[in-house]
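This report describes one protein chain, starting with its pocket and moving on to a sheet and a histidine.

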Amino acid sequence: MDIDDLMTFVELAEAGSLSAAARRLGVAKSIVSRRLARLESELGVQLLARTTRGAALTEAGILFREHAARAYAEIDTFREILQPDGDLRGRLRVAAPLSFGPTHFAPVFTEMARRHPHLHLQTVYSDRFVDLIGEGFDCAIRVGYLQDSNLVARRVGPIYGKLVASPAYIEMHGAPDSPDEVPDHPALMQGTETWQFMDGERVVTVRPQGRFKADNAVALVNAALAGLGIAWLPDGLTQEHVASGALVPLMTRYPLPTAGIYVIRPPSPHPSRKVRVLTELLIECFEEAPPPANFGR
């Protein structure tokens, strides 16, 4: 039984349609259809039934899904065990944040693909928290402070941030001098988050208030530049504007706690070597400082 056919069926079962599976695999829809037909012919059963609403697994498909997923995972793990020091092969599907991904993490992914020419690397950039298992990701990169979960996390580097505002905002509204004054200013936020500041060794938590919200940190930077309020943002997105004077650091006596860059993966007794290699490369880049734009060249 062809390993690519098994992988395609697993992706198809998780994605729910041929089109979605093709996007996840990075191949044409016709290839997914051809692999499915080959697998059904070899098994002698129909695995997917087309309906007026799209497609759904047949009873045989539901039964085969678990076995196919387990078989593919075991074959992929065994292949890595046989060649522990060889070139990486197969597919690595990574979720990365849209705010940092294209600028900070893309050079790392590019370098990994350069070092491993037989690896198929697919990256999805989004600021939402993806369902790693449900959406078929091998791992995700997350930035900030981690919430409790049953996923396995590895910190690969620090993230520093500042509270900032534009000179125009400060001229018109003033600036907070201490954490207890933060709720008196319109905050630019991602949702209903809390902000934390360091008062010596003590962490002070405040709940900001504001009317401008966005799930993308770059959008919050633009709102801060426009003078809409104060923003709690990572240095990687504001350092250029702070250097030019377009944004001004606030409450420097109360710095933000250091956040982190994390690689998140589903729990497994046999973590993928591809994920381990990516994690080591990210540590190489971010453990001390952000990578240069020409990393790996």
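Which strand gives the largest share of the lining of the largest pocket? Strand 5 does, with five residues. The model is a predicted one, and the pocket has a volume of about 1,000 Å³. Its lining consists of 38 residues, and those closest to the centre are Val 143, Gly 144, Tyr 145, Gln 190 and Trp 232. The elements that give two or more residues to this lining are listed below.

| Element | Residues |
|---|---|
| Strand 3 | 90–96 |
| Strand 5 | 139–144 |
| Strand 9 | 195–199 |
| Helix 7 | 217–225 |

Strand 12 also belongs to that group, and its residues are 230–234.

**The five-stranded sheet**

Strand 12 is also part of an open sheet of five strands, whose order is 11-8-12-7-13 and whose pairing is mixed. Strand 11 (209–213) and strand 13 (248–250) are the edge strands; each has a single partner strand, so one side of each has no neighbour in the sheet. On average, neighbouring strands in this sheet are turned by 45° against each other, direction ignored.

At one end of the order, strand 7 (residues 161–165) pairs with strand 13 in the antiparallel sense, over three bridges. Ala 165 has Val 248 of strand 13 as its bridge partner. Helix 8 (residues 235–244) lies across strand 7, strand 12 and strand 13, and runs at about 115° to strand 12.

**His 185**

Where does His 185 lie? His 185 is in the loop between helix 6 (167–173) and strand 8 (186–189). Is this loop residue buried or exposed? The relative accessible area of His 185 is 9%; buried means under 20%, so His 185 counts as buried. Leaving out residues up to four places away in sequence, His 185 touches Tyr 169, His 173, Gly 174, Ala 175, Pro 176, Gln 209 and Ile 230.

**The chain as a whole**

The chain contains nine helices and 14 strands. Of its 297 residues, 44% are buried. The accessible surface of the chain is about 15,800 Å², and carbon and sulfur atoms account for 52% of that surface. Counting contacts between residues at least 6 apart in sequence, 72% join residues at least 24 apart.

Conventions
Residues numbered from 1 in each chain as written. Predicted model: local features only at pLDDT ≥ 70, side-chain atom pairs only at ≥ 80, totals over all residues. Heavy atoms only, no water. Pairing = 2+ DSSP bridges. Helix = DSSP H or I, 4+ residues; strand = E, 2+ residues; numbered from the N terminus. Axes fitted to C-alpha atoms, helices over the stretch in contact; angles between N-to-C directions. Contact = heavy atoms within 4.5 Å. Buried < 20%, exposed > 50% of the residue type's maximum accessible area, 1.4 Å probe, protein only. Areas by Shrake-Rupley, 256 points an atom, 1.4 Å probe, with all protein chains shown as cover. 1 Å grid on protein atoms, 1.4 Å probe; cavity = no way out; pocket = protein on both sides within 12 Å on 5 of 7 lines; lining within 4 Å. Points joined across faces, edges and corners; volume = space filled by probe spheres on them.
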